[in-house]
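I opened a fresh page for this chain and jotted down what I looked up, one topic at a time. Here is the model I had on screen.

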Amino acid sequence: MRNFRFARQPLGNVQCAVIAAVLAFPVSVCAGDRLHEPVLIVANERPLDVGNTGNSSPFVADFDGDGIKDLLVGQHRGTLLRVYRNLGSNAAPKFGDYHLFRDGDTSLSPHCSMIPQLVDLNGDGRMDLLTDGGNGTIAWFAGTEAGFSQADRLRRADGSAVRLRWLFSAFAYDWDRDGDLDVVCGGAPGSDYERRVFVLENVTTDNRLAFAEPDGGIELPQLALVPVDNQMPVVADWNNDGADDLVVGNQDGSVVWYAGKVRPEGEESSRAFDAPKKLVPPWEEGGQRGPMARICVVDWNEDGALDLLVGESGPIFERKLTDAEQQRVAEEKQGQGEDLRQWSKAYQEFCEHASASDLQANSKDSSLVELRETLVKLRERIDARFLRANDLQEGNQQHGRIWLFLRKTD
Ligand SMILES: [Ca+2]
Ligand SMILES: [Ca+2]
Ligand SMILES: [Ca+2]
Ligand SMILES: [Ca+2]
């Protein structure tokens, strides 16, 4: 991931346009005294909104490797991940249409939320994608020359999948400072790690990515003072004092900051944190912004100070599709019909061929293997079309917008 913190440029026209566009949407959210009032991220000249069941989860990174940061937005429904390529610049991002990560991948559990982090998890020089994997697992897609591989689960040293009861979120960071990426997790209610942040240590050996059992949980001062459930911790040096801090998004829509204590020179002490400070207040009934603060800490406007992007599971609204979206739905439905016809033809051929051939020799029959592969590919394409069409529905839905809290620098 590129570091966007150090270039200093003034607010560009696009940023001003974002703020201007948002003035049309009255905002009643109070920010902490070091943050500006929030504005909504805009795509195609209207507020970006994943709709459906909301649960928007932002992450900023250079997805396509052109040196300009892009915006990834995970959502819950259909485990979809939107990729908005930045059509502007690093200091003044601008977004239009999105495409879906892996074009509507169906290899993940339908019960997981996409909470994306683009990071080189296995240290091979290519960006990988880390996300919630559903059912207490953590999924990752290894970056490859051609894009990304199918999802795999994070695994223990014995090869079994890491599975943690009611895990909520995962963020890769070298927590123990030994040069490899560990995974900092937030717990969900009802779990052993409720209201806790815990770490899975990277114990990779012989290039086989592996993680240890969770530690006992990080003792955070006054954690109980904030109504934290479903925490989403990220590690960042929020106050730029050289010590890693924890910035934690919470189910109630609040975001809190635990400043890391600066270690004395040369001392390898464990991590310690100051009492939390509230960066963003909880959501309010009847307010503009919803709960479920999934967060990304990034210097959005390249002024040298870290800013905050916050997703939501927002208020209900009636979604209407644009002409372009209606056109896409029609295309997906037509394509699905064609794919289904091809699938049933291939299936018939497969059955005829299989019954005529020696069962023992089936596995070596190259035309049968080919037919089987065709069937699998068609099935994947049909499922992906279904996901994409399902994402474009009208009617009452929850907002899933992205709120930008810019840092005050004066
Ligand atoms: Ca990698
Ligand atoms: Ca480590
Ligand atoms: Ca710090
Ligand atoms: Ca900034």
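**Ground rule for strands.** Before reading any residue as standing opposite another, I fixed what pairing means: two strands pair if DSSP finds at least two bridges between them. I also kept in mind that this is a predicted model.

**Entry: the first look.** I started with the whole chain and found three helices and 23 strands. I then looked up burial, and buried residues make up 41% of the 410 residues. For contacts with a separation of 6 or more, I noted that 56% join residues 24 or more positions apart.

**Entry: sheet E4 to E7.** I traced an open sheet of four strands in the order E4-E5-E6-E7, with antiparallel pairing. Its edge strands are E4 (57–61) and E7, each of which pairs on one side only. I zoomed in on one end of this sheet, where E6 (residues 81–84) and E7 are joined in the antiparallel sense by two bridges. Which residue of E7 does Val-83 stand opposite? I found His-99 there.

**Entry: sheet E8 to E11.** I moved on to another open sheet of four strands, ordered E8-E9-E10-E11 and again described by antiparallel pairing. E8 and E11 (147–153) are at the edges with a single partner strand each, so one side of each has no neighbour in the sheet. With direction ignored, I get an average turn of 30° between neighbouring strands of this sheet.

**Entry: strand E9 and its partners.** I spent some time on E9 (residues 128–134). How many of its seven residues are buried? I count six, so E9 is largely enclosed by the rest of the structure. For this I used the cut-off that a buried residue has 20 or more other C-beta atoms within 10 Å of its own.

On one side, E9 pairs with E8 (residues 117–119) in the antiparallel sense over three bridges. Here I noted Leu-130 of E9 as the bridge partner of Gln-117. E9 is also joined to E10 (residues 137–144), by five bridges, and these two run antiparallel. I wrote down two of the facing residues: Thr-131 has Ala-139 in E10 as its bridge partner, and Gly-134 stands opposite Thr-137 in E10. The hairpin of E9 and E10 has two residues between the strands, and in it Asn-135 takes a positive phi near 55°.

**Entry: Asn-55.** Next I picked a loop residue: Asn-55 lies between E3 (46–47) and E4. Is Asn-55 buried or exposed? I found 23 other C-beta atoms within 10 Å, so Asn-55 is buried. I then listed its contacts, leaving aside neighbours within four places in sequence: Gln-75, His-76, Ser-113, Met-292, Gly-311, Ser-313 and Gly-400. I also checked Arg-401, which is 346 residues from Asn-55 in sequence, while their C-alpha atoms are 8.5 Å apart in space.

**Entry: helix H3.** I finished with H3 (residues 366–391) and a quick length check. At 1.5 Å a residue, its 26 residues should span 38 Å, and the end C-alpha atoms are 38 Å apart, so the two agree. For burial in H3, I noted Ala-384, Arg-385, Leu-387, Arg-388 and Asp-391 as buried. What covers the buried residues of H3? I found that the cover includes strand E7 (99–100) and helix H2 (323–356). That took me back to E7, an edge strand of the sheet I had traced earlier.

Key: Residues are numbered from 1 along each chain as its sequence is written. Chains are lettered from A and ligands numbered from 1 in the order in which they are written. This is a predicted model: local features need pLDDT of at least 70, side-chain atom pairs count only at pLDDT 80 or more; totals for chains, interfaces and linings use all residues. The expected span of a helix is 1.5 Å times one less than its number of residues. A residue is buried if 20 or more other C-beta atoms lie within 10 Å of its own, exposed if 12 or fewer, and partly exposed in between; C-beta atoms are placed from the backbone. Two residues are in contact if their C-beta atoms, placed from the backbone, lie within 7 Å. Axes are lines fitted to C-alpha atoms, for helices over the stretch in contact, and angles run from 0 to 180 degrees between N-to-C directions.
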